[in-house]
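The following exercises concern charged side chains and their exposure to solvent. Work through each task with the structure at hand before reading the solution beneath it.

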There are 2 protein chains.
Amino acid sequence: MVGAEISQLIALLAKIPGLGPRSAKRAALHLMKKRDAHLVPLISAMQEVLNTVEVCPLCGNLDTVSPCAICSDVKREGNKLCIVADVADLWALERAGSFRGKYQVLGGLLSALDGVSPDDLGVEALLDRVKKDGVTEVILALPVTVEGQTTSHYLADMLADFKDVEVYMLAQGIPVGGELDYLDDGTIATAFKAKKKL
Amino acid sequence: MVGAEISQLIALLAKIPGLGPRSAKRAALHLMKKRDAHLVPLISAMQEVLNTVEVCPLCGNLDTVSPCAICSDVKREGNKLCIVADVADLWALERAGSFRGKYQVLGGLLSALDGVSPDDLGVEALLDRVKKDGVTEVILALPVTVEGQTTSHYLADMLADFKDVEVYMLAQGIPVGGELDYLDDGTIATAFKAKKKL
């Protein structure tokens, strides 16, 4: 019943993470009703991003300038390198604002199951960068999952050869605002193991 | 930190029903990563819909042909008119496939609070259509809410003057697959009141 053009739009909206087939239909109807207020600006914002945003050749961040604003910021400490799995993680860390060094986006995590190898993550280039940029501190800010931890250990092993480089990972434990009753057993066990003396 | 173009895209994505600020960010990242596979086709699907889809001048449906495919389908019974609040409702009824007449989309419901009057819903034009098209059966398929029922009663009153027109509303009761334990009291009360003899 619905025309091919509308079906096509619904199908593409449904592939956006966070939208499913039913909410995509609702989204399509909303956009068709708010043509001038929403659909037209959204098309031009997408077109603008398509034309201007590129992957930073140095760190893998997404930005409208190349190299990205973080890589070209001379006020940031070039000897500190924070390694993240994804651009979303980089944004989350920047939002927190507690790191003033540079980043390297892996674009994934080592996974035997999905066939992701060190080559896919550009580990070679990463090690080159550590050497060339005189990095003295590497922070592995990878997710606390099996794959994240496997990747962390692999990178820590590779970086062990660099005598001047200190390798860190983010502290694990109870999150701020975390109520013990709602936390999973793994988090509680980790927090116990890493308990601090007051 | 995020460039103006990306912020703008996130802000517009966040206004899509079903997406919030956080999922809009995730959606924007996804689209920027899947440029050719998703962003480019999505832009052109939106552009296509923008160029081709219009509001049917007869019933208020959205379609690429004008009048819409339903209004111009001579096989559908023109003497039966189903009145719905929104295009989404029309689509839902078409999906169920139990009605082979024509539709009229009100585009809203009477509401003193939101200042929606019969004029805003085009009631005058609706009554004209009933007269002109020789409609003999009107089905009020409006939501079972205070505003939906107010609108139903108002339209039923208006249509009472048409001696040849029978006015119906959809049956109310337990939905198919509805477990009594999970249903609200209003639905159960309605189902009891309208109980059927076996």
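**Exercise 1.** Decide whether B:R129 is buried or exposed in this predicted model, and then describe the salt bridge in which B:R129 takes part.

*Solution.* Begin with the relative accessible area of B:R129, which is 10%. Because buried means under 20% relative accessible area, B:R129 is classed as buried. Next, consider the partner: the side chain of B:R129 meets that of B:D133 in a salt bridge, with an N to O distance of 3.4 Å. Finally, B:D133 has a relative accessible area of 39%, so this residue counts as partly exposed.

**Exercise 2.** Find the residue with which A:E77 forms a salt bridge, and assign an exposure class to each of the two partners.

*Solution.* The side chain of A:E77 pairs with that of A:K80, at 3.3 Å from N to O, and this distance satisfies the salt-bridge criterion because the cut-off is within 4 Å. Turning to exposure, A:E77 is partly exposed at 33% relative accessibility, and A:K80, at 22%, is likewise partly exposed.

**Exercise 3.** Carry out the corresponding analysis for B:E77, and state how many salt bridges there are over all chains.

*Solution.* In chain B, B:E77 forms a salt bridge with B:K80, and their closest N and O atoms lie 3.3 Å apart. The relative accessible area of B:E77 is 33%, which places this residue in the partly exposed class, while B:K80 is partly exposed at 22%. As for the total, the count over all chains comes to eight salt bridges.

Note on methods: Residues are numbered from 1 along each chain as its sequence is written. Chains are lettered from A and ligands numbered from 1 in the order in which they are written. This is a predicted model: local features need pLDDT of at least 70, side-chain atom pairs count only at pLDDT 80 or more; totals for chains, interfaces and linings use all residues. Side-chain values use heavy atoms; hydrogens and water are left out. Buried means under 20% relative accessible area, exposed over 50%, partly exposed in between (1.4 Å probe, protein chains only).
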